[in-house]
Amino acid sequence: MPLPPVLQNLPLPIIGSPLFIVSNPKLVIAQCTAGVVGSMPALNARPAEQLDEWLAEITEGLAAWNKANPDRPAAPFAINQIVHKTNDRLEHDMPVCAKYKVPIVITSLGARTDINDAVHAWGGVVLHDIINNAFARKAIEKGADGLIAVAAGAGGHAGVKSPFALIQEIREWFDGPLALSGSIATGGAVLAAQAMGADFAYIGSAFIATDEARASEAYKQCIVDSNSDEIVYSSLFTGVHGNYLKPSIRNAGMDPDNLPESDPSKMNFGGGDSAKKAWKDIWGCGQGIGAVKAVVPARELCERLAREYREARARVCGG
């Protein structure tokens, strides 16, 4: 199956993952103009009315770039929608996305036919993130155009499946758009994702340590100073298992090596004060951060990934 036109001919086969609290229009624009699909959660815009302002900023910024650089058009952008029942913003945010005809919508925490139909009505494409093959099938059955396979080692909410197993199982029955998430922070890893059968690499944690990201300097520096040994997998903070930086857990007065399990009935994905506090104080992060050596502009990170990707192709593929 050919990729939807909006996902064809990207300068880099990379989608920047939407980072709760951290992603903002500056980061999205920097990613897109550097050849990467930039994204952000709708819930990052607070109050709700700010989403309209932010989408205007992104669309106008990318239009200005394309006018000034017709030979290097920006990659498209994506907005992440949490479709879990705890998100009381969804009815407000979807019409705003429709107003700007958001080209790509990334849905999380539940697949919904009505949301997919709404996106398709304005000509958008839906990518749904999943952690196993069963969820992948449900997402496609309910009308998603493509999948984001969130494998072991991904930052924030993540699955436990090896990327080799997860991609293999999905590709046995699905030949549409497929991105892989989990510990990808080098151009070589981007090529490896494609070699396994993915169309795109889905990169998040490395973009936290960029100038444009709306993260504290302590958070950014912790990523630079850490590696996979400093990542812990826990369900304590949101009710769903995810990967987090151990130093942030220690700073919150807890022992990251002895965390209790959470009560699943208290799950909160709506982006309210309690959810926001959890992500502000406890820093989500994936296992691939050993490749992040400094806080840099997003364009510089994208240029490194592109250079490493070309080098990996030349080394492995002979060109």
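Is N251 buried or exposed? Hold that thought for a moment. First, a reminder: this is a predicted model. Now the answer. N251 has a relative accessible area of 65%, and the cut-off for exposed is over 50%, so N251 is exposed. You will find N251 in helix α10, which covers residues 246-251. Pick V83 as a second point. Along the chain, N251 and V83 are 168 residues apart, and their C-alpha atoms are separated by 31 Å.

Next, aromatic rings. How many aromatic pairs does a search of the whole structure find? The count is 3. Take Y219 and W283. Their rings are stacked, at 4.9 Å centre to centre, with 10 degrees between the planes. Where do the two residues sit? Y219 belongs to helix α9, residues 217-225, while W283 is in the loop between α11 (273-281) and α12 (298-317). The pair therefore ties together parts that are 64 residues apart in sequence. Both Y219 and W283 are buried.

Now F237 and Y244. Their ring centres are 5.0 Å apart. The planes meet at 70 degrees, so this pair is edge-to-face. F237 is buried, with a relative accessible area of 17%. Y244 is buried too, and its value is 1%.

On to helix α1, residues 25-33. Is this helix mostly covered or mostly open? Mostly covered: 8 of its 9 residues are buried. Among them are P25, L27, V28 and I29. A30, Q31, C32 and T33 are also on the buried list. What covers them? The cover includes strands β1 (14-16), β2 (38-41) and β3 (77-82). It also includes helices α2 (50-68), α8 (205-208) and α12.

Look at the two ends of α1. At the start, a side-chain oxygen of N24 comes to within 3.1 Å of the backbone nitrogen of K26. After the helix comes G35, which has a positive phi, near 100 degrees.

Now a strand. Find β8, residues 178-181. Both of its faces are covered. L178 and L180 are on one side, A179 and S181 are on the other, and all four are buried.

Which strands pair with β8? One is β6, residues 146-150, in the parallel sense, over 4 bridges. Here V150 has S181 of β8 as its bridge partner. Another is β9, residues 200-203, also parallel, over 3 bridges. There, L180 is bridged to A201 of β9. Add helix α7, residues 187-196, and you get a β-α-β unit: β8, α7, β9. The unit is right-handed.

Last stop, the nonpolar cores. In soluble globular proteins, nonpolar side chains tend to be buried together. Here the largest nonpolar core has 82 residues. Which members touch the most other members? They are L55, F77, I170, I203, I223 and L245. Let's follow I170. Leaving out residues up to four places away in sequence, I170 touches I130, N133, A136, L147, A149 and L178. You have met L178 already: it is one of the buried residues of β8. Apart from the largest core lies another, of 17 residues. Its members include A78, I148, A158 and Y202.

To wrap up, go back to the opening question. N251 is exposed, whereas Y244 is buried. Find both in the model, and compare what surrounds them.

Technical notes: Residues are numbered from 1 along each chain as its sequence is written. This is a predicted model: local features need pLDDT of at least 70, side-chain atom pairs count only at pLDDT 80 or more; totals for chains, interfaces and linings use all residues. Side-chain values use heavy atoms; hydrogens and water are left out. Rings of Phe, Tyr and Trp (its six-membered ring) pair if their centres lie within 6.5 Å; planes under 30 degrees apart count as stacked, over 60 as edge-to-face and the rest as tilted. Buried means under 20% relative accessible area, exposed over 50%, partly exposed in between (1.4 Å probe, protein chains only). Contact means heavy atoms within 4.5 Å. A polar contact is a pair of N or O atoms within 3.5 Å; within protein, one must be able to donate a hydrogen and the other to accept it, and residues adjacent in sequence count only if both atoms are side-chain atoms. Two strands pair if DSSP finds at least two bridges between them. A crossover is right-handed if, with the strands pointing away from the viewer, the path from the first strand over the helix to the second runs clockwise. A nonpolar core is a set of buried Ala, Val, Leu, Ile, Met, Phe, Trp, Tyr and Cys residues joined through side-chain atoms within 4.5 Å.
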